[in-house]
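Visitor: I am new to reading protein structures. Could you show me one and explain the words people use for it?

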Amino acid sequence: MKTITSSQVPYSQTVKLFIASLFWFIYLFFIPYIYSSANILPFFLIVFPGGYLFCLLALFMHECWHEYLPGIHNKFFYSVLSWMIFLDHQIFDIVHPSHHSQVNTYQDIEFYPLGEIKKRSLRVIYNFCEVFLGNIFLVLVVNFKILHEPKLKKQYSFKKLGVSLLMRAIFWGGIGYSSHLLLKVNLLQIVIPYALTCWMGSLMIHHSELIEHGNLIVEGKLEERNLKNRNLKPHGVLEKCFLFLTNNHSLEHSLHHSKSNTYTRPFPQKNPMSEQTVYISFAEYSIILKDMLTGKCSKI
Ligand SMILES: [Zn+2]
Ligand SMILES: [Zn+2]
């Protein structure tokens with residue numbers, strides 16, 4: 001099997017980004033109205049298409065950060081997509097390089113913003129928040145870390161924070177207000193489904209990340225640490241369902257680390273994987289979660 005290169009990335013990925021963005025607008029416009037009908041349906045819709053679209057836009061944001069997408073100004077779309085999923089665009093920009101260079105160590109500030117938490121009880125509380133709040137919790141802790149570490153604070157700009165707050169207010173406020181005017185929904189009927197969708201999306205993304213790197217500390221060079229990244233086995237019904245909902249985030253994540261210059265996600269199961277690639281099932285993932293929630297730490 002030959003590695004598929006970035007130059008072969010089809011424009012269909014860029015088209016998919018625009019279609020996903022359009023559906024995101026439509027979803028956010030109608031979900032308050034559907035939620036106000038007060039039956040069980042909105043809760044399914046918050047997982048799909050809500051969480052699904054949130055995950056897809058987060059993936060495209062990450063892919064624009066890597067400048068993978070053909071035919072568009074990736075850095076510009078990276079910022080726009082950040083605002084569309086309610087993020088301050090500078091945060092991921094500051095911490096994602098360390099996820100690649102320091103993967104599976106406590107120096108990875110995207111994954112371990114507080115480094116090693118030595119006290120077991122604090123580790124349990126921290127892991128509990130991470131498992132049940134997902135990326136919302138991580139983003140808050142990463143913000144705290146950036147503002148309290150002089151080296152990182154130098155890269156942080158309050159002007160950029162102002163821009164991101166304004167853009168998020170325009171995007172989310174604009175759609176919510178249009179929904180209020182045209183569909184006669186009230187503030188709570190807007191805010192609750194929006195918050196539930198962000199929580200669901202942030203949970204789905206973070207569990208993909210925990211499958212890939214959760215509770216995994218590896219000693220060794222980058223190549224050795226990259227080899228230990230985990231991928232989700234696409235076998236059982238639950239695994240297939242989760243991979244569909246998260247747009248294959250954890251299907252071949254180890255490839256993203258070992259060949260980060262190449263955009264491999266549009267070609268699932270087409271690129272050669274190392275013989276030592278680690279695959280896990282949901283049953284194995286549940287053991288990792290149990291270890292996290294009881295404060296056990298696994299060093300390799
Ligand atoms: Zn990356
Ligand atoms: Zn990763």
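Guide: Gladly! This is a predicted model. Along the chain, the donors of the zinc ion (ligand 2) follow the spacing H-x113-H-x39-H-x3-H.

Visitor: What makes His 99, His 213, His 253 and His 257 donors of the zinc ion (ligand 2)?

Guide: Their NE2 atoms lie 2.0 to 2.2 Å from the zinc ion. A nitrogen counts as a donor within 2.8 Å of such a metal, so these atoms qualify.

Visitor: Why is the arrangement of the four donor atoms around the zinc ion (ligand 2) called irregular?

Guide: Their angles run from 91 to 157°. Tetrahedral would need all angles between 85 and 135 degrees, so the value of 157° rules that label out. Square planar would need opposite donors over 155 degrees apart and all others between 65 and 115. The arrangement is classed as irregular.

Visitor: What makes His 213 and His 253 a pair that ties parts together?

Guide: His 213 lies in helix α9 (residues 187-213), while His 253 lies in helix α12 (residues 253-258), so the two link parts that are 40 residues apart in sequence.

Visitor: How do you know whether His 213 is buried or exposed?

Guide: We look at its relative accessible area, which is 1%. Buried means under 20%, so His 213 is buried. His 253, with 8%, is buried too.

Visitor: And Ser 254, is that one buried or exposed?

Guide: Ser 254 is in helix α12. Its relative accessibility is 8%, under the 20% cut-off, so Ser 254 counts as buried. Leaving out residues up to four places away in sequence, Ser 254 touches Asn 226, Asn 229, Asn 231, Met 273 and Thr 277.

Visitor: Why is Lys 16 called partly exposed?

Guide: Lys 16, found in helix α1 (residues 12-36), has a relative accessible area of 31%. That falls between 20% and 50%, so Lys 16 is partly exposed. Lys 16 touches Leu 56 and Phe 60, again leaving out residues up to four places away in sequence. Lys 16 and Phe 60 are 44 residues apart in sequence, and their C-alpha atoms are 9.4 Å apart in space.

Visitor: What makes α8 oblique to α9?

Guide: The axes of helix α8 (residues 158-183) and α9 come within 11 Å and cross at roughly 135°. That makes α8 oblique to α9, because roughly antiparallel would need over 145 degrees and roughly perpendicular 65 to 115. The crossing is right-handed.

Visitor: Which residues meet there?

Guide: From α8 come Trp 172, Ile 175, Gly 176 and His 180, and they meet Ile 190, Tyr 194 and Cys 198 in α9.

Notes. Residues numbered from 1 in each chain as written. Chains lettered and ligands numbered in written order. Predicted model: local features only at pLDDT ≥ 70, side-chain atom pairs only at ≥ 80, totals over all residues. Heavy atoms only, no water. Donors = N, O, S within 2.8 Å, 3.2 Å for Na, K, Ca; no water. Tetrahedral: all angles 85-135°; square planar, octahedral: opposite > 155°, others 65-115°. Helix = DSSP H or I, 4+ residues; strand = E, 2+ residues; numbered from the N terminus. Buried < 20%, exposed > 50% of the residue type's maximum accessible area, 1.4 Å probe, protein only. Axes fitted to C-alpha atoms, helices over the stretch in contact; angles between N-to-C directions. Parallel < 35°, antiparallel > 145°, perpendicular 65-115°, else oblique. Left-handed = near helix turned anticlockwise from the far one by under 90°. Contact = heavy atoms within 4.5 Å.
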